[in-house]
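Trainee: I have the model open and would like to practise reading it with you. Shall we go through it piece by piece?

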Amino acid sequence: MEEKLPTGIKPYLDKLTLGVTRILETSPGVAEVTFVEKEPAERHTIVSWEQKNSCVLPEDLKNFYLMTDGFQMTWSVKTDDTPMPLGSMVINSVSKLCRLGGSSMYTLPSAPTLADLEDDTDEEGNGDKPEKPHFDSRSLIFELDPCNGNGKVCLVYKHAEPVVSPDTEIWFLDRALYWHFLTKTFTAYYRLLITHLGLPQWQYAFTSYGVSPQAKQWFNMYKPITINTALLSEEADSFVNKLDPNKVFKSKNKTPVLKKKPLSQPPGSQKSHTSTTSAKTSSLAGNSSRK
């Protein structure tokens with residue numbers, strides 16, 4: 001059941017969205033805020049999922065599914081009186097909480113998989129850097145949010161051998177298949193999702209290369225509730241366009257184009273041309289008189 005959130009939003013929906021709908025509705029240019037209301041997941045559905053995947057859902061995520069089977073909230077902005085989808089907050093339902101990198105019965109035996117990307121020379125967790133997930137049997141990875149094709153937010157069980165550990169973490173897998181740590185718990189990730197308003201590519205704010213210039217413009221226009229302003233500042237080293245037109249075109253200045261004039265002949269040549277013409281005329285006249 002899809003409904004547009006009215007001004008008097010239901011109390012439990014207001015708590016579920018942490019009141020961010022009121023902030024969006026009062027923001028300039030926001031056209032419509034849409035929330036897809038979902039029924040709670042059945043307990044036997046969660047138990048069936050755990051038995052199928054041989055792991056136990058973390059308590060906070062399990063309680064979330066017992067309240068609502070997934071989450072979807074979108075909002076648009078008006079451009080030329082036409083609503084354009086911008087913000088998107090999604091958490092997959094239990095049925096769509098699919099394993100990433102798992103072998104499928106429909107793939108060929110020799111077909112490459114994500115596990116083939118594993119490299120034992122990759123740097124493991126040292127110091128303050130956590131150990132990265134693995135695509136092979138060492139980790140269990142489930143997709144929480146498809147991120148509109150900009151990557152995947154995943155629920156990760158990093159220690160699956162010999163027995164799956166109940167400890168989980170939330171990681172972001174970018175489009176180049178690099179891992180970026182987000183939070184240790186689902187509750188902390190849910191707060192990040194809400195407070196960043198579902199802005200495009202907001203997960204890249206937690207990577208070493210940051211959000212794209214286009215996404216940065218949306219960040220400046222609709223600032224998240226909690227944001228490090230240093231991410232939005234233009235630094236000299238990270239400025240995208242370093243082209244200096246004055247230096248590039250310094251030796252290529254255009255000279256004014258002059259209209260071509262007919263070449264003027266010297267006076268001597270004009271006299272010779274006139275005498276030659278008169279000589280030819282007189283010879284023609286003499287020939288005609290002889291006839």
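Mentor: Happy to. Let's begin with cysteine 147, which sits in the loop between β5 (140-145) and β6. Keep in mind that this is a predicted model.

Trainee: Is cysteine 147 buried or exposed, and what is its relative accessible area?

Mentor: The cut-off for buried is under 20% relative accessible area. Cysteine 147 falls under it, so this loop residue counts as buried. Its relative accessible area is 7%.

Trainee: Which residues does cysteine 147 touch, not counting those up to four places away in sequence?

Mentor: Leaving out those sequence neighbours, a contact needs heavy atoms within 4.5 Å. The residues that cysteine 147 touches on that basis are Lys152, Val153, Phe172 and Gln203.

Trainee: How far apart in space are cysteine 147 and tryptophan 202?

Mentor: Along the chain, 55 residues separate cysteine 147 from tryptophan 202. In space, taken C-alpha to C-alpha, the separation of cysteine 147 and tryptophan 202 is 9.3 Å.

Trainee: Let's turn to charges. How many salt bridges does the count come to?

Mentor: The rule asks for a side-chain nitrogen of Lys or Arg within 4 Å of a carboxyl oxygen of Asp or Glu. One of the pairs is arginine 138 with aspartate 136, at 2.9 Å from N to O; arginine 138 is partly exposed, at 28% relative accessible area. By this rule, the count comes to 6 salt bridges.

Trainee: Which parts of the chain does the salt bridge of lysine 158 and glutamate 169 tie together?

Mentor: The side chains of lysine 158 and glutamate 169 meet at 3.1 Å, N to O. The two residues are 11 apart in sequence, with lysine 158 in a loop and glutamate 169 in a strand, so their pairing ties separate parts together. Those parts are the loop between β6 (152-157) and β7 (169-173), and strand β7.

Trainee: Are lysine 158 and glutamate 169 buried or exposed?

Mentor: Both partners have to be judged by the same cut-off, under 20% relative accessible area for buried. Lysine 158 meets it, and glutamate 169 does too: buried.

Trainee: Which residues are joined into one network by salt bridges that share partners?

Mentor: Start from the bridge between lysine 62 and glutamate 59, where N and O are 3.8 Å apart. These two residues are 3 apart in helix α4 (residues 59-67), which means about one helical turn separates them. Lysine 62 is buried at 14% relative accessible area, while glutamate 59 is exposed at 52%. Through shared partners, the network joins Glu50, Glu59 and Lys62.

Trainee: Within what arc do the buried residues of α4 fall, seen down its axis?

Mentor: The buried residues of α4 are Leu61, Lys62, Phe64 and Tyr65. Seen down the axis, they line one face of the helix, because their arc stays within 155°.

Trainee: How do helix α3 (residues 43-53) and α4 pack, roughly parallel, roughly antiparallel or oblique?

Mentor: Two packed helices are described by the angle between their axes and the distance between the axes. For α3 and α4 the angle is about 140° and the axes are 10 Å apart. Roughly antiparallel would need an angle over 145 degrees, so α3 is, relative to α4, oblique.

Trainee: Which residues make that contact between α3 and α4?

Mentor: The crossing in which α3 passes α4 is right-handed. The contact is made by Arg43, Ile46 and Glu50 from α3, and by α4's Lys62, Tyr65 and Leu66.

Trainee: How many of the 10 residues of helix α5 (residues 186-195) are buried?

Mentor: The buried residues of α5 are Phe186, Tyr189, Tyr190, Leu192, Leu193, Ile194 and Thr195. The helix is therefore largely enclosed by the rest of the structure, its buried count being 7.

Trainee: Which residue just after α5 takes a positive phi?

Mentor: Other residues with positive phi include leucine 177, at about 65°, in the loop between β7 and β8 (179-183). Glutamine 201, with phi near 60°, lies in the loop between α5 and α6 (213-221). Just after α5, the residue with a positive phi of about 60° is leucine 197.

Key. Residues are numbered from 1 along each chain as its sequence is written. This is a predicted model: local features need pLDDT of at least 70, side-chain atom pairs count only at pLDDT 80 or more; totals for chains, interfaces and linings use all residues. Side-chain values use heavy atoms; hydrogens and water are left out. Helices (H or I, at least four residues) and strands (E, at least two) are DSSP runs, numbered from the N terminus. Buried means under 20% relative accessible area, exposed over 50%, partly exposed in between (1.4 Å probe, protein chains only). The arc is that of the directions from the helix axis to the C-beta atoms. Axes are lines fitted to C-alpha atoms, for helices over the stretch in contact, and angles run from 0 to 180 degrees between N-to-C directions. Angles under 35 degrees count as roughly parallel, over 145 as roughly antiparallel, 65 to 115 as roughly perpendicular and the rest as oblique. A crossing is left-handed if the near helix is turned anticlockwise from the far one by less than a right angle, and right-handed if clockwise.
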